[in-house]
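Trainee: Hi! Could you walk me through this structure while I have it open?
Mentor: Happy to. Pull it up and ask away.

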Amino acid sequence: MRGRSLRLGRGGEFDRLRAIFAALGAAGRDLGDDCALLSVGGRTLAISIDLSLEGVHFRTDWLALREIGWRATAAALSDLAAEGATPLGVLVSLGVPGSRQGRTSNASPAAQIMAGVGAAARNVGASVLGGDLVRSPRYLVDVCVLGVAQRPVRRSGARPGDGLWVTGRLGGAGLALAALRAGRGGRGGRLAPASRRRFARPVPRIAAGRWLARRGARAMIDISDGLAGDAGHLAAASGVGVAIELERVPCWPGVTPFAAVRSGEEYELLVAMPRRFGPTDVKAFGRATGLPLTRIGACTAGRGVRMTHDGRPITPPPGFDHFPAQ
């Protein structure tokens, strides 16, 4: 029996997705989560795909071609992390211009991008399994990832009373993006190395996702559109409200809590854990992954995202939207 598609959060992009789901009708199956799940030979295969387009997701004056390949692959692998899956491999459709002024390297741009893809895949124990190559007016890297999940974690399992937790620290990617837009952080620029690395070479939280899945995670999503926006998607899919205490949000050095919850492309994990999950578990998580895990709020009865700062209600910032309302 085909499952129903997940409830989505607000925004023009998601209005379009709702229309697409309706147009697909019975041809669509369990749409709207980080990964598609298929049972194959007694195992659960997790599959996702993520497109990175020049001028939308990256600029070649900001990133080297190898970094573009790494970043596109890490973004796709992060969906497997949010499912609690173990990566197996990636397939890549690559679009490259026929020729470009200003390129000084003798290496093929396609080869440089794919070297970055391969490095990101190897970093999580996966392989490059194939792909496609076309001439394109702009660089385009479309990455399909395959993995297996012993205990898949969907966005839709959170319950009122669950704690809301986040891995790592937030805001580094947004800090780097602001510097790049201001002309301070391109290749050879003045952006701090750690901040630039956060933007150019994000690390998908594969080990963290698997650990949290094994410890009973109820719902999980990777932070790609900003914490506030992605919390809204988890809340909508689970049919719960989400209460976030801004002063608890772990921030990258030099980043305010409000900027941290706006920052997209962080690729940390936002996870709902049962009420019993506590300090002893947090210490075990740190020993296993080398990452901090911070409780920033709770799931509640109701709908939507409620955010407070030292007890005062504030309006949550919107998440990134490819089709914002005009």
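Trainee: Let me start with a small thing: which residue with a positive phi follows H6?
Mentor: That's Gly216, and its phi is near 95°. Keep in mind as we go that this is a predicted model.

Trainee: OK. And which residues of H6 are buried?
Mentor: Ile206, Ala208, Gly209, Trp211, Leu212 and Ala213 are the buried ones in H6. Two of those names will come back: Leu212 when we get to the core, and Trp211 when we get to the aromatics.

Trainee: Core first, then. Which residues touch the most other members of the largest nonpolar core?
Mentor: Leu80, Val90, Ile113, Val141, Val143 and Leu212, out of 51 residues in that core. At least two residues each come from helices H2 (65-83), H3 (109-123), H4 (172-181), H5 (193-200) and H6 (206-214), and likewise from strands S3 (86-96), S5 (140-148) and S9 (269-273).

Trainee: Which element gives the largest share?
Mentor: H2 does, with eight residues.

Trainee: And what does Val141 touch, leaving out residues up to four places away in sequence?
Mentor: Asp50, Leu51, Ser52, Ile68, Ala72, Val92, Ser93, Leu94 and Ile113. There is also a second, separate core of 26 residues, and its members include Leu164, Ala219, Ala231 and Val242.

Trainee: Switching to sheets. What's the strand order in the five-stranded one?
Mentor: S1-S2-S5-S3-S4, an open sheet with mixed pairing. Its edge strands are S1 (36-40) and S4 (127-135), each pairing on one side only. From one strand to the next, the twist averages 20°.

Trainee: Do S1 and S2 run parallel or antiparallel, and over how many bridges?
Mentor: They're antiparallel, with five bridges. If you want a spot to click on, Val40 has Arg43 in S2 as its bridge partner.

Trainee: Which helices lie across that sheet?
Mentor: H2 lies across S1, S2, S3 and S5, at about 35° to S5. H3 lies across S3, S4 and S5, and runs at about 165° to S3.

Trainee: What about the seven-stranded sheet, how is that one ordered?
Mentor: The order is S7-S9-S6-S10-S8-S11-S12, again open and with mixed pairing. S7 (219-222) and S12 (312-314) are at the edges with a single partner strand each, so one side of each has no neighbour in the sheet. Here the twist averages 30° from one strand to the next.

Trainee: How do S8 and S11 pair up?
Mentor: S8 (residues 241-245) and S11 (residues 304-309) run parallel, joined by five bridges. Glu245 has Thr308 in S11 as its bridge partner.

Trainee: Which strands of this sheet does H2 lie across?
Mentor: S7 and S9, with H2 running at about 165° to S7. H7 (residues 227-238) lies across S7, S8, S9, S10 (293-300) and S11, at about 145° to S7.

Trainee: On to aromatics! How many pairs are there?
Mentor: Four aromatic pairs. In one of them, Trp62 and Phe199 meet edge-to-face, 6.4 Å centre to centre with 70° between the planes. That pair links distant parts of the chain, 137 residues apart: Trp62 is in the loop between S2 (43-53) and H2, while Phe199 is in H5.

Trainee: Are those two buried or exposed?
Mentor: Both Trp62 and Phe199 are buried. Another pair is Trp211 with Phe285: the ring centres are 5.3 Å apart and the planes are at 80°, so the pair counts as edge-to-face. Trp211 is in H6 and Phe285 in H9 (residues 279-289), 74 residues apart. Both of these are buried too.

Trainee: Which residues make up the aromatic cluster with Trp211?
Mentor: Trp165, Trp211, Phe277 and Phe285 form that one cluster.

Trainee: Last topic: which ring does the charged end of Arg71 sit over?
Mentor: The ring of Phe199, 4.0 Å from its centre. Arg71 lies in H2. Elsewhere, the charged end of Arg169 sits over the ring of Trp252, 5.0 Å from its centre.

Trainee: Why does Arg71 count as buried?
Mentor: Because its relative accessibility is 6%, and the cut-off for buried is under 20%. Leaving out residues up to four places away in sequence, Arg71 touches His57, Leu63, Phe199, Ala200, Pro202 and Glu265.

Terms used. Residues numbered from 1 in each chain as written. Predicted model: local features only at pLDDT ≥ 70, side-chain atom pairs only at ≥ 80, totals over all residues. Heavy atoms only, no water. Core = buried A, V, L, I, M, F, W, Y, C linked by side-chain atoms within 4.5 Å. Buried < 20%, exposed > 50% of the residue type's maximum accessible area, 1.4 Å probe, protein only. Helix = DSSP H or I, 4+ residues; strand = E, 2+ residues; numbered from the N terminus. Contact = heavy atoms within 4.5 Å. Pairing = 2+ DSSP bridges. Axes fitted to C-alpha atoms, helices over the stretch in contact; angles between N-to-C directions. Phe/Tyr/Trp six-rings, centres within 6.5 Å; stacked < 30°, edge-to-face > 60°. Lys NZ or Arg CZ within 6 Å of the ring centre and 35° of its normal.
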